Amino acid sequence: MKDDADKQHIVGTASSSYPSAQLAKAFRTALTHQDADTRLRAEKRQGQWRAVLAGMANGLLKVGSRTPVKGLPAWVTPEVVRGGFVTGAASAGGPLQEYEAEAARRAGLAQGRSALFAHALTDDGLEELYGLLDSGRYEVTVPEEAALLTAAWLTRAGQVDAALELVVELAPFAGRLRFTPRPVGRPAPDPTAVHRKTVADAGGTLARRRPNKAVETQREALAVWQPFGDELLVHWLETAEDGRVLTRTPDAAWVERGAELLRRYRLLAADHTYCAKHRNPKENLGILRRALEETVAGRPLDARRLGLLRHAVASMVRKRGLPGAERHTSLRREQAAQAALPSHHALAQLVLRRLSGLPQEAGVAEVAPLVAPVSGREARETGLPAGAAIPAGVRRTVEAALSAPIGTLVERGVVPSAEVLAELVPQLVAVTTAQAYPDEALQTLAAANYRAFRNRRSLLLLNLERQVRVEELPWVRAIAPQRAGVAAGEASAAALRQLGELAVQAFPGTVLPNPLVRELGVLARQAELGAPLVEELAADIFMGTFSPKFLTAARVAAELLGGGTLYERYYAIDYRAVRNLAIFEAGQALTRSYGARTSPGFAKLCVERAGLSGSGYGPVAENGMVIEQAQILTTHNLAALVHRAGVSPAAGWEDLARRCFVTVCRLTARVQANPRPLSTIKDAAYAWRQMLFHLSLCTPQEQTRTLTWLTEEAARHPDHVMARLSPALTGLRQVAEGGSPDEGDGRRLLGWSTGGHWMRGDRVDRGDGGDRGW
């Protein structure tokens, strides 16, 4: 392990170069971007990054610490920008919110948070808080806003000492932070349903939708300029004999009608600005118009312009026939019908109007009425054709606001990935956590607090420091004695099993994202199942150490997969040695009383398995190799979910193994002609690992059947996919037959390496930064 000077080098690099680069990026965007809103957002980011750099320069900020702002305890929600850096401001700070200013005016108070804090502790203030508790009509946007509501609940429940202790802890920050919630006109959301977007979110997306320029250009050409071109053509044909225009001298009536056509042209050109071909002097319409302008002005056409005119007229007639002829009429009828179709933009505006009458800060219980075809009444009011269908892109925007059980959202494709699932799970965990409290008002408050807490952005942390947990908040600690033990644990265990099965079954080839791991970890702790869940570590800030839970997770994997399973043999794991190491370090931990707890034995094992020497703290590629070995040993949470939480997907392990391999094939296909393929290869290797886990839980007959199927499935994909996967498939077959994956033409598929990855086939890593990291 590197010494403190090296750690400080990492912190120094992170705390200077990255924020400076982000400030420069925001500065360029604010100066050069064409969109005004984007420029305004970039200007805000400039201010934030300047605050980051200033805070680090004057000692206000400590990068890498869980208490990064001097003078603020860990429980205060900091303002966090990209990369986990803090600006020094508190999310619950800043100027008074409008609801706070209104509360101060209503109570006759000075416009300041200290006065509001003191008022909340008076009889009148407590009565106001009691009213919010009973109605549930409040919104907690940052966790601090739940603090005084908690104190009010404790006071009303007779827990005066606990309420006083909480108030004493909050009081030093009474003038800086808002500790009361925002009153709203709606009750608390339905705890059984979740939604990805609110009605307001969906409406905002539709409102920002702009007409498609290419589509509108084509529509304008068909509806406006093609018919006008036909009129010009007919007008010129009046001067033709034997198909040659201007063989007859135009009379005054012809000139007057031509002048009228030109006046109409100017009006059309002013109103219809998408299509510009009519202005092109080389296009047929431009040629006919320019020749008409010259003739109406009394100027004879020179030989060149006359030749262009006659060629344009002849080509138009040859291509589409004479105006009025059957061929020409049929074509223009089809084009008119196409131009009459409503634009996606117009239909989006109709759906936006439908959404406007719904509660804006919630989801929608039923999507179908909102995306139904245009009704007769709507057709009369908007001019859209009755029966016109809502386009798929608009439907997807509305479907994202569907409020339903999370399993329904996954089935309907509203939740397309594990990352999106992770965004929704906090809503369910909030409800499960709140069910531990017997009082309904306290359940509503606890759920609102948890939802707000999960909006708290993660900090950049070093030295194995962990993110603040919800139970560390003073107001959550204050009500901890109110939790019902057994019932709460059973509810958490059931929720963990349900969500674990949903994630594993819906996205079997995807590593569980860290936000989802954290939520499942909350449930696992509440259920007291001894199911250690570990996050994916970042290779660029990895410092060669692991917390003890990684070894515990590996021991759980050993209990499930030890004894010669396919997974154990493929990755050459000695799970008996892992169990012994876990027992030894558990004994050692009993005598340790200082410093961050680590598992040196587990770190050493991962370094050795990666084929490296030293501490395992070095270049990013080497760090990645060590981290990957940790994921292999622990199965990256799959064993904990199956062995401790009881996850057992209804589809069966064989089905999940096959779906993982489909993911492997899909990712491998992206390697071809990819100038930077190594992140894709890494994801393919991770999906391969999950396939091996699922396959190891199959019966011998299922394994044999699936191994045959893998080759057949690979053959269904392009030849380059089979060529790249053939070494891995050969290695797997060799392991199944009792051999090693690296014999002969076989290879063990891993995601990280310090040299060229064999799956690339046609190139070798340069090692100079182009694809550095694997």
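Here are legends for four close-up views of this predicted model.

**View 1. Helices α29 and α32 cross at roughly 125°.**
Helix α29 covers residues 653–669, and its partner here, α32, covers residues 719–736. Their axes come within 9 Å of each other. At that angle the two helices are oblique to each other, and their crossing is right-handed. Look for F661, V664, C665, T668 and A669 on the α29 side, where they meet H720, V721, R724, L725 and L729 of α32. Sort the residues of this contact by class and you get 7 nonpolar, 2 polar and 1 charged.

**View 2. The cysteines C660 and C665 sit without a disulfide partner.**
Why is C660 not bonded to C698? The sulfur of C698 is the closest cysteine sulfur to that of C660, but the two are 10 Å apart, which is too far for a bond; a disulfide would need the sulfurs within 2.5 Å. For C665, the closest cysteine sulfur belongs to C660, and at 11 Å that is also too far away to bond. Both side chains are tucked out of reach of the probe: C660 is buried with a relative accessible area of 0%, and C665 is buried with a value of 0% as well. Across the whole structure the disulfide count is 0. C665 has already turned up in View 1, as one of the α29 residues that meet α32.

**View 3. Helices α27 and α30 pack at an angle of about 20°.**
This pair is made up of α27, residues 620–634, and α30, residues 678–696, with axes 11 Å apart. With that angle, α27 counts as roughly parallel to α30. The crossing of these two helices is right-handed. From α27, the contact uses E628, Q631 and I632, while α30 brings in A685, Y686 and R689. By class, the residues of this contact come out as 3 nonpolar, 1 polar and 2 charged.

**View 4. H195 lies in a loop between a strand and a helix.**
The loop in question runs between β4 (182–183) and α8 (199–208). Is H195 buried or exposed? H195 is buried, with a relative accessible area of 14%, and the cut-off for that label is under 20%. Which residues does H195 touch, leaving out those up to four places away in sequence? The list is A362, G363, A401, L402, S403, L409, L424 and Q427.

Definitions and conventions: Residues are numbered from 1 along each chain as its sequence is written. This is a predicted model: local features need pLDDT of at least 70, side-chain atom pairs count only at pLDDT 80 or more; totals for chains, interfaces and linings use all residues. Side-chain values use heavy atoms; hydrogens and water are left out. Buried means under 20% relative accessible area, exposed over 50%, partly exposed in between (1.4 Å probe, protein chains only). Axes are lines fitted to C-alpha atoms, for helices over the stretch in contact, and angles run from 0 to 180 degrees between N-to-C directions. Helices (H or I, at least four residues) and strands (E, at least two) are DSSP runs, numbered from the N terminus. Angles under 35 degrees count as roughly parallel, over 145 as roughly antiparallel, 65 to 115 as roughly perpendicular and the rest as oblique. A crossing is left-handed if the near helix is turned anticlockwise from the far one by less than a right angle, and right-handed if clockwise. Contact means heavy atoms within 4.5 Å. Ala, Val, Leu, Ile, Met, Phe, Trp, Tyr, Cys and Pro count as nonpolar, Asp, Glu, Lys and Arg as charged, and the others, Gly among them, as polar.
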